[in-house]
Amino acid sequence: MSKVILKECKNYDLENLVRIINESMEQLGGWNKYIQSGDKVLLKVNLIGPKTSESAAITHSEFVRALVRILKKKGCTVWIGDSSGGAIAGIAPTAQSFKVSGYEKVAKEEGAIIKNFDSEGVVEVTAESNPREKMYLAKPLFDADVVINLPKLKTHSAGIYTGAVKNLFGCVPGLRKAKYHKMAPDPLDFGHIIVDIHKATKFSLHIMDGIIAMEGEGPTAGRVYQANKILISEDPLALDRVAIDMLGLKIEDVPILLASQKRGLGESKLENILIEGDYQEAPKLKNFRLPKRFKTGKKRNYKVLIKVIDFFKTRPKVNLKNCKGCNVCVESCPMEAIDKDTKKINYQICIECMCCHELCMHKAVELKKDNFLAGIVANLSLKSHR
Ligand code: SF4
Ligand code: SF4
């Protein structure tokens, strides 16, 4: 039986957050079950893009601050990490997202360390669902002693809902994410990729920010909904099962969770989930709006999606006019794809992680669209994010 702690929490008052999270952890057996003084703890946030905490598109920065404060007090080194979305449009806005979200400020004030997954290197793992498929996941996930998932309670216009299970997609750095969207445009197939990421990593806790949630056309264009909930569990599927019950959804309504159920990622039957905290069963969230696609049942046009991904296909390229020859990019490329002398990138082996782009101090590694027109469209899209 899996346990989910479901607590009421009406705002992001720091003292209140620390108290509620600590109380919840007591009900899971106490912090000492998961961390020890001296551990390096990675908080994997939901930093989908350059959005503010008030937008409800990302894990609220005060929620992150509360976790940092708790863990620092316990003698841990705390990392805050993610790689933002944008790969379909050929943009990698993670560095900007860390600023806009307020996480950089939190890290500075609380003594945590930002881990931009687009500049930290990768570890190669094998996808459980397809042993011939290599996956490249952000290195801090494997360098940390403990990894904690901090998802956000949100709708998703394509996948209907996004929470603890889906939040691990950000473990794929840079523009590599576009490859998986292209490989698996069907949300059920995409769900299997997400499960592969769970199986290859070692998340020990999932702590969901459901205080302000996103309803309607999430994960970025929805509306703020005051849900007032915090959910904590060791089991991401059980946590999401309880969360979707609050939204009036079933496992079959959310393809990623259906894939997780099929692969045995966790517990999906409510009768096998013990809910503790302020509730014994999930309360329904009144008048919570689901995405339009859920009501119409309209399927996404996968051929169009693939065409969009191809249209925006983006690659890193060294602009020799700006290059100072420092070789930081050459040395940091996890695939050894950059020629030391010519700075040409071997696109046969490049995994589009964006390390070279993020680490070049001279802005000489540019992101180049294969399609000229796509470059103009993507620039406009990036500006509208700001
Ligand atoms: S890091 Fe930038 S400046 Fe240094 S060699 Fe690479 S492209 Fe040139
Ligand atoms: S050239 Fe290397 S560092 Fe740059 S995106 Fe490709 S794999 Fe990553």
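Which residues are the closest to ligand 1? They are Cys323, Cys326, Cys329, Cys360 and Ala364, part of a group of 13 residues that surround ligand 1; a residue counts here if its C-beta atom, placed from the backbone, lies within 6 Å of the molecule.

Before we go on, note that this is a predicted model, in which local features need pLDDT of at least 70, side-chain atom pairs count only at pLDDT 80 or more, and totals for chains, interfaces and linings use all residues. Residues are numbered from 1 along each chain as its sequence is written, while chains are lettered from A and ligands numbered from 1 in the order in which they are written.

The domain assignment, which is automatic or taken from a database, gives domain 1 (2-302) and domain 2 (304-385). Their C-alpha centres lie 28 Å apart. The contact takes 26 residues from domain 1 and 25 residues from domain 2, where contact means C-beta atoms, placed from the backbone, within 7 Å.

Here is how three groups of residues divide by class. Ala, Val, Leu, Ile, Met, Phe, Trp, Tyr, Cys and Pro count as nonpolar, Asp, Glu, Lys and Arg as charged, and the others, Gly among them, as polar.

| Group | Nonpolar | Polar | Charged |
|---|---|---|---|
| Side of domain 1 that touches domain 2 | 14 residues | 8 residues | 4 residues |
| Shell around ligand 1 | 8 residues | 3 residues | 2 residues |
| Contact of α1 with α2 | 8 residues | 1 residue | 3 residues |

In that last contact, Leu14, Leu17, Val18, Ile21 and Asn22 of α1 meet residues of α2 including Phe63, Ala66 and Ile70. Helices are DSSP runs (H or I, at least four residues), numbered from the N terminus.

Key
Two residues are in contact if their C-beta atoms, placed from the backbone, lie within 7 Å. Helices (H or I, at least four residues) and strands (E, at least two) are DSSP runs, numbered from the N terminus.
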